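Okay, thanks everyone for making time. I'll put the model up and just talk through a few spots.

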Amino acid sequence: MKLLLKFTFLVVLFFGTWFVLLQFDWMTILKVQQIKKTTEEKLGDLFWDMFKAEQDVIRRSEIAGPIDSLVTHLCRKNGIERKKLKLHIVDNDVVNAFTLPDDHLVVFTGLIKEVETESEFVGVLGHEIAHAQNNHVMKKLMKEVGMSVLISMTNGSAGELARESLQSITSSAFDRELEREADLDAADYMMKADVDPEGLATFLYRMADDERDMPRAVFWLSSHPESRERAEAIIMYIKGKDFYKQPVLSDEAWKALKAEVEKEKE
Amino acid sequence: MDIFEGAVKPKSGFTYEPGENEAEKASNSYLMSLIAVMCGLPLPIVNLVATGFFYLGNRDGTHFVRWHCTQALISQLSLLFMNSAGFWWTIHIIFYDTEISSPYIAYMMTVLLFNFADFVATIYSAVQTRKGKHVSWWFYGELTNVLCPR
């Protein structure tokens with residue numbers, strides 16, 4: 001009986017200590033959120049600086065303007081703060097788009113050339129915005145290298161690891177759950193923005209079909225596996241839902257964008 | 001954690017001076033436990049396995065040795081539960097969608113405090129038993145008396 005009382009006291013002491021420590025807001029005291037935010041900002045700048053050093057960034061308004069309009073439309077209709085997103089267009093024929101920490105959104109001209117309709121392009125943009133909104137990049141990095149290594153990267157003391165992490169972000173997939181979440185969020189964004197959500201599914205179907213005999217690099221597809229299953233999941237998700245299908249850009253503006261992108265390498 | 005020290009405690013049945021060899025073995029059980037405490041926070045099962053192996057290796061030893069091996073073992077058992085919860089909470093934060101939160105930080109601080117208390121008590125016990133002195137911990141000593149009768 002005495003032993004049982006002492007054991008109970010020990011248990012109460014443990015939970016009591018926890019309860020007392022629970023009365024403090026450790027997240028604020030230890031500035032956890034602030035450290036995470038600062039680290040993310042520094043990592044975003046570090047990765048983007050490393051990436052742009054080896055790429056041609058396009059700033060021409062004929063290309064950047066219409067893409068900015070598409071991103072702004074998606075953001076406005078979905079209550080996403082547009083100013084947070086840093087849109088970059090890169091002159092590269094690889095079919096790719098990705099998100100870097102701190103909401104850097106990178107789109108390759110190869111992707112713009114590959115998409116056949118505006119809704120396909122908006123679908124891919126929506127997918128990447130969803131990755132940014134859900135903080136998937138930082139989650140992936142935290143899993144792969146951990147917070148302490150990420151902080152050391154921002155201090156410039158893990159250069160090689162930073163390069164490897166950048167390579168991983170730009171050319172490999174998130175796990176299945178995160179990809180699925182980004183797909184379905186993108187479909188939601190599109191429906192709210194009156195853009196046909198089938199566009200993303202169509203793009204995934206087409207890429208899956210073309211994949212076998214496509215010799216060129218389609219990074220966005222190779223980094224986003226099981227595209228057929230994902231396309232089917234999107235179709236199932238939007239089935240029975242009401243949405244409008246309206247173009248964001250005029251037909252002329254969309255064709256002009258495609259033409260400008262085609263001209264870029266000439 | 002309170003520590004009750006006494007060269008001879010009638011209820012524990014130690015009415016003799018342990019020999020050099022016994023004192024060394026009993027002290028080693030705490031040293032093993034000490035290593036377990038250090039490894040056990042990131043990997044809790046180490047707590048139990050290390051002390052468990054030492055206990056099994058010395059179960060045929062003298063009463064003094066067995067008694068201290070048992071006390072070291074059961075003190076690790078309670079750490080195993082609290083460390084395991086902290087371990088899996090951390091795994092969920094690293095690999096799943098769980099966010100770092102104030103309750104998590106408070107829990108890890110509590111676990112650290114208890115591990116530190118155990119660490120200090122273990123070092124003290126290792127030193128004292130090496131001198132041949134008997135050290136009975138609050139609660140754990142009495143539980144050991146029940147589990148390890150003469």
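So, start at helix α7 of chain A, residues 136-144, where His136(A), Val137(A), Lys140(A) and Leu141(A) are buried. Looking down the axis of α7(A), those buried residues fall within an arc of 135°, so they line one face of the helix. The arc is taken from the directions that run from the helix axis to the C-beta atoms. Buried here is 20 or more other C-beta atoms within 10 Å of a residue's own, exposed is 12 or fewer, partly exposed is in between, and the C-beta atoms are placed from the backbone. And as a reminder, an α-helix has 3.6 residues a turn, so residues three or four places apart point the same way. Just past α7(A), Gly146(A) has a positive phi of about 90°.

Quick housekeeping: this is a predicted model, so local features need pLDDT of at least 70 and side-chain atom pairs count only at pLDDT 80 or more, while totals for chains, interfaces and linings use all residues. Residues are numbered from 1 along each chain as its sequence is written, and chains are lettered from A and ligands numbered from 1 in the order in which they are written. Helices (H or I, at least four residues) and strands (E, at least two) are DSSP runs, numbered from the N terminus.

Now the sheet in chain A. Four strands make an open, mixed sheet in the order β1-β2-β4-β3. Pairing means DSSP finds at least two bridges between two strands. At the edges are β1 (57-58) and β3 (97-100) of chain A, each with a single partner strand, so one side of each has no neighbour in the sheet. Further in, β2 (86-90) and β4 (104-108) of chain A run parallel over 5 bridges, and Val90(A) has Phe108(A) in β4(A) as its bridge partner.

What sits in the loop between β3 and β4 of chain A? Asp102(A) does, and Asp103(A) lies there too. Phi is near 60° for Asp102(A), and near 60° for Asp103(A) as well. Most residues other than glycine have a negative phi. Asp102(A) counts as buried, with 23 C-beta neighbours inside 10 Å, and Asp103(A) is buried with 23 too.

Last bit, the interface: 17 residues of chain B contact 16 of chain A, contact being C-beta atoms, placed from the backbone, within 7 Å. On the chain B side, α3 (63-95), α4 (102-130) and α5 (140-147) each give two or more residues, and α4(B) gives the most, with 9.

Methods:
Two residues are in contact if their C-beta atoms, placed from the backbone, lie within 7 Å.
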